[in-house]
Every structure is written in structure tokens, then in C-alpha cells.
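Q: Could you take me through the largest pocket of this protein, slowly and in plain words? I'd like to know which residues line it and what lies around it.

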Amino acid sequence: MADSKVKEFFKLGEVGNYFINIFKKPDPNKKSNFNLRMMHGINKISILVFLFALIVWTIKRLM
């Protein structure tokens, strides 16, 4: 009973799995097109910029 509650608490869902999978190396056996690669590249850049801005904002608030 308690084990299932812990698993449910740490369940990532679709969005969490996307963030984990976006930074993995692509599967060489899976066919990909240019538009999909560009979309994922832009998403990586935007996530990194957001995290950088969050860190800068946090540092400014603490000082």
C-alpha cells in the first residue's frame, strides 16, 4: 500500500518523461526528419535559457 503511494508521488508523467528524453542521445535505428530535430533543438535551448535565467534571478534575490 505505502509502496504504491511512493511510486505515485515520484511518477513523472508525460511532461517529466519528455524532459528526461529530450537530453538523451537519439536512437540511430529510429528515423527522424529535419523539422523534428530542429524542434527538439529549439526546445533544448529554451529549457537551458530558462534554467539559466532562474539561477540568475535566484542569485540576485539572495544578494
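A: Let's begin with the whole chain, go on to the pocket, and then look at a few residues by name.

Keep in mind that this is a predicted model. The protein chain has 63 residues, and just 5% of them count as buried. It's built from three helices with zero strands, so to read the elements off from the N terminus you'd simply say α-α-α. The chain exposes about 6400 Å², and 69% of that comes from carbon and sulfur atoms.

Now for your pocket. The space in the largest pocket comes to about 480 Å³, and 15 residues line it. Helices H2 and H3 are the elements that each give two or more residues to that lining. If you want to find the middle, look for Pro-26, Asp-27, Ser-32, Leu-36 and His-40, the lining residues that lie nearest the pocket's centre. What sort of residues make up the lining? Seven are charged, four are polar and four are nonpolar.

Next, pick out Pro-26 again and find Arg-37, a residue of helix H3. These two are eleven residues apart along the chain, and their C-alpha atoms are separated by 9.6 Å. Is Arg-37 buried or exposed? Neither, really: its relative accessibility is 46%, so it counts as partly exposed, since "exposed" needs over 50% and "buried" means under 20%.

One more stop, this time on the surface. Phe-23 is in the loop that runs between helix H2 (13-22) and helix H3 (34-62). Phe-23 also counts as partly exposed, because its relative accessibility is 43%. Phe-23 joins Leu-48, Phe-50, Leu-51, Leu-54 and Trp-57 in making a nonpolar surface patch of about 640 Å².

Conventions. Residues are numbered from 1 along each chain as its sequence is written. This is a predicted model: local features need pLDDT of at least 70, side-chain atom pairs count only at pLDDT 80 or more; totals for chains, interfaces and linings use all residues. Side-chain values use heavy atoms; hydrogens and water are left out. Patches are made of residues with over 30% relative accessible area and no salt bridge: like charges are joined within 9 Å, nonpolar side chains (Val, Leu, Ile, Met, Phe, Trp, Tyr) within 5 Å. Accessible areas come from the Shrake-Rupley method with a 1.4 Å probe; for residues, only the protein chains shown count as cover. A salt bridge is a side-chain nitrogen of Lys or Arg within 4 Å of a carboxyl oxygen of Asp or Glu. Helices (H or I, at least four residues) and strands (E, at least two) are DSSP runs, numbered from the N terminus. Buried means under 20% relative accessible area, exposed over 50%, partly exposed in between (1.4 Å probe, protein chains only). On a 1 Å grid over the protein atoms alone, a cavity is a set of points where a 1.4 Å probe fits but cannot get out, and a pocket is an open set with protein on both sides within 12 Å along at least five of seven lines; lining residues have an atom within 4 Å of a point. Grid points are joined across faces, edges and corners, and a volume is the space filled by probe spheres set on the points. Ala, Val, Leu, Ile, Met, Phe, Trp, Tyr, Cys and Pro count as nonpolar, Asp, Glu, Lys and Arg as charged, and the others, Gly among them, as polar.
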